[in-house]
Amino acid sequence: MGAHTDQRTFIKALANADELLRVEREVDWNLEAGAVSRLACERRAPAPLFVNVKDYPGAELVAVLLGPGCAGIHSRVAIALGLPPDIHPLDLIEEVRIRLKKPLPPVRAKRQQAPCKEIVITDPGQLDLRQFPMPWIKSIDGGRYVGTWDIVVTKDPENGWTNWATYRCQYKDPQHFNILLLPSEQHGGGMFRKYEAAGKPMPIALVIGADPSVHLAGMTPLGYGECEADAAGGLRQSPVPVVKCETSDLEVPADAEIVIEAEVLPGVRGPEGPFGEFTGHSVPQGQSPVARVTCITHRRNPVFPMANMGKPWDDCAAGMSIMLAAAARNRLERDGLPVKSIYCFPPILPVVAVKPELGLTKRIVGSLMAGARMFLTNTGIIFVDEDVDVTNVQDVMWAMATRLHPSRFEVVPNVPANSLVPYLEPEERERHLTSQWVMDATFPAHWPPEYRARHSVISDFSHGWSEDVKAKVLANWADYGYGTTPTVSPLRATA
């Protein structure tokens with residue numbers, strides 16, 4: 001089974017794995033679809049495919065495609081990449097790591113063969129975002145959103161570097177939307193500042209409903225100059241077919257459901273938000289750039305996708321968890337910094353297992369900070385010893401409670417701030433700088449080996465009994481009256 005090359009084949013694969021539910025009952029795009037899909041996330045139920053959307057006969061709206069799966073938190077991410085849904089998270093991260101090391105540049109598709117060009121609308125009188133079932137997701141949100149599960153394509157005006165990233169886009173009127181371009185030196189926000197300084201509009205393409213590898217690449221923290229289009233090819237193990245836009249030289253995934261070509265207007269801002277984000281909090285309304293629609297192309301009968309961020313995690317956080325861990329591990333490997341494993345608990349709390357070595361944790365933090373947006377989405381980082389299962393909440397909490405000396409809790413100042421994080425002080429939000437904590441819950445490297453050995457003996461089933469006793473107990477577990485032998489802890493982050 002290979003990775004899926006468009007959204008439609010991925011939807012079929014989810015249905016075959018009982019990870020998607022076709023909802024025949026009429027559902028209102030105004031709040032009802034959002035409420036249903038959020039509850040599906042929280043109950044680890046199948047992703048809903050709404051085929052009877054109020055006011056939109058014949059249209060389909062699908063939600064939380066990469067949300068926490070029925071078979072495990074990351075089972076849909078695994079399915080998207082053509083892997084077994086029950087794969088262990090660390091094995092999934094390892095496979096993603098390997099694929100990210102083998103990027104494949106996109107290939108140009110013929111315009112007449114690009115599904116996203118089946119319908120092309122350039123007449124200004126016919127450009128209307130309301131033709132799609134854009135949802136008003138939560139009652140606490142500020143309006144309808146045309147882009148939540150999307151990719152925004154931008155190009156640096158100075159060097160031509162192309163970026164694919166996810167930015168939320170709020171409907172403003174039939175031909176305009178607000179886009180949350182977070183301040184950044186190297187991605188959409190930074191590129192827009194260059195256009196705005198020159199008094200020019202920035203061409204963008206809002207891609208809705210690409211194949212899942214494209215969306216996973218778009219949320220991966222790559223370095224400056226690295227292209228998400230190439231990473232997507234590596235993830236799906238085949239080049240992404242792209243096609244040129246109608247009103248700019250930007251190239252977009254040819255198999256996307258919808259492409260909204262637009263230009264972000266210099267010097268123009270409008271109200272955007274509030275919006276319930278991946279942090280599990282609602283982000284207050286702010287002023288964001290305004291984009292004017294210049295062209296719309298789409299498949300016949302496009303399937304409109306939506307994300308549904310909140311607490312607990314959604315498709316955004318579940319995918320970011322894997323992609324951030326894989327990218328971070330690759331970066332540390334390139335910098336010659338050894339780690340046993342990395343896992344990121346949604347909504348992105350990284351835990352790193354290392355063999356204690358003098359100065360190692362500081363070098364790791366420095367390497368990751370040099371990766372710009374590498375850890376822009378979280379509040380801190382936890383280091384544990386190699387004998388700790390980084391995917392197990394209980395194991396990590398045990399290490400923090402018994403191995404974290406108060407003197408090994410550190411605060412790193414002047415870290416780039418993510419304005420979506422709710423704890424920021426007002427002045428931090430203005431400066432776009434904050435602090436990050438580091439918890440070093442490892443036994444110190446300077447301890448004498450004998451001292452460490454005496455104090456690091458683990459007392460649990462795995463370490464406290466001989467192999468023959470453990471085997472006997474496991475073999476007789478059902479006869480003891482406990483049923484079948486449990487294979488996964490309920491506190492472990494399954495696939």
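Y423 is partly exposed, at 39% relative accessibility, where partly exposed denotes a relative accessible area between the limits for buried (under 20%) and exposed (over 50%), computed with a 1.4 Å probe on protein chains only. The structure is a predicted model in which local features need pLDDT of at least 70 and side-chain atom pairs count only at pLDDT 80 or more, whereas totals for chains, interfaces and linings use all residues. Residues are numbered from 1 along each chain as its sequence is written, and side-chain values use heavy atoms, with hydrogens and water left out.

Y423 lies in the loop between strand 22 (409–416) and helix 11 (426–431); helices (H or I, at least four residues) and strands (E, at least two) are DSSP runs numbered from the N terminus. When residues up to four places away in sequence are not counted, Y423 touches T379, T434 and S435, contact being defined as heavy atoms within 4.5 Å. Between the C-alpha atoms of Y423 and C295 the separation is 39 Å, and these residues are 128 apart along the chain.

S213, in contrast to Y423, is buried, with a relative accessible area of 0%. S213 belongs to helix 6 (residues 212–218). With neighbours within four places in sequence left aside, the contacts of S213 are A3, H4, A80, L81, A232, L235 and R236.

One of these contacts, L235, also takes part in the packing of two helices. Two packed helices are described by the angle between their axes and the distance between the axes. Helix 4 (residues 89–100) and helix 7 (residues 228–236) pack at an angle of about 125°, and their axes are 8 Å apart. Here the axes are lines fitted to C-alpha atoms, for helices over the stretch in contact, and angles run from 0 to 180 degrees between N-to-C directions. Helix 4 and helix 7 are therefore oblique to each other, since angles under 35 degrees count as roughly parallel, over 145 as roughly antiparallel, 65 to 115 as roughly perpendicular and the rest as oblique. The crossing of helix 4 and helix 7 is right-handed, a term used if the near helix is turned clockwise from the far one by less than a right angle, the anticlockwise case being left-handed. Helix 4 contributes V96, R99 and L100 to the contact, and helix 7 contributes A231, G234 and L235. The residues of this contact divide into four nonpolar, one polar and one charged; Ala, Val, Leu, Ile, Met, Phe, Trp, Tyr, Cys and Pro count as nonpolar, Asp, Glu, Lys and Arg as charged, and the others, Gly among them, as polar.

Side chains of opposite charge can pair when their charged atoms come close. The structure holds 31 salt bridges, each being a side-chain nitrogen of Lys or Arg within 4 Å of a carboxyl oxygen of Asp or Glu. In the salt bridge of E19 with R76, the closest N and O atoms are 3.0 Å apart. This pair links distant parts of the chain, 57 residues apart, with E19 in the loop between helix 1 (7–16) and strand 1 (20–23) and R76 in helix 3 (residues 75–80). E19 is buried at 2% relative accessible area, and R76 is likewise buried, at 1%.

A salt bridge also joins E246 and R111, with the closest N and O atoms 3.0 Å apart. Distant parts of the chain, 135 residues apart, are linked by this pair: E246 is in the loop between strand 12 (241–244) and strand 13 (251–253), and R111 is in the loop between strand 4 (107–108) and strand 5 (119–121). E246 is partly exposed at 28% relative accessibility, as is R111 at 42%.

R269 and E196 meet through their side chains in a salt bridge of 2.9 Å, N to O. R269 in strand 14 (residues 258–272) and E196 in helix 5 (residues 188–197) are 73 residues apart, and the pair links distant parts of the chain. R269 is partly exposed, with a relative accessible area of 38%, and E196 is partly exposed at 23%. In addition, E94, R97, K101, R329 and E333 are linked in a network of salt bridges.

Backbone geometry was also examined. Most residues other than glycine have a negative phi, and most peptide bonds are trans. The peptide bond from G273 to P274 is cis, with omega near 0°, and P274 is placed in the loop between strand 14 and strand 15 (275–276). D18 has a positive phi, near 60°, and is exposed at 58% relative accessible area.
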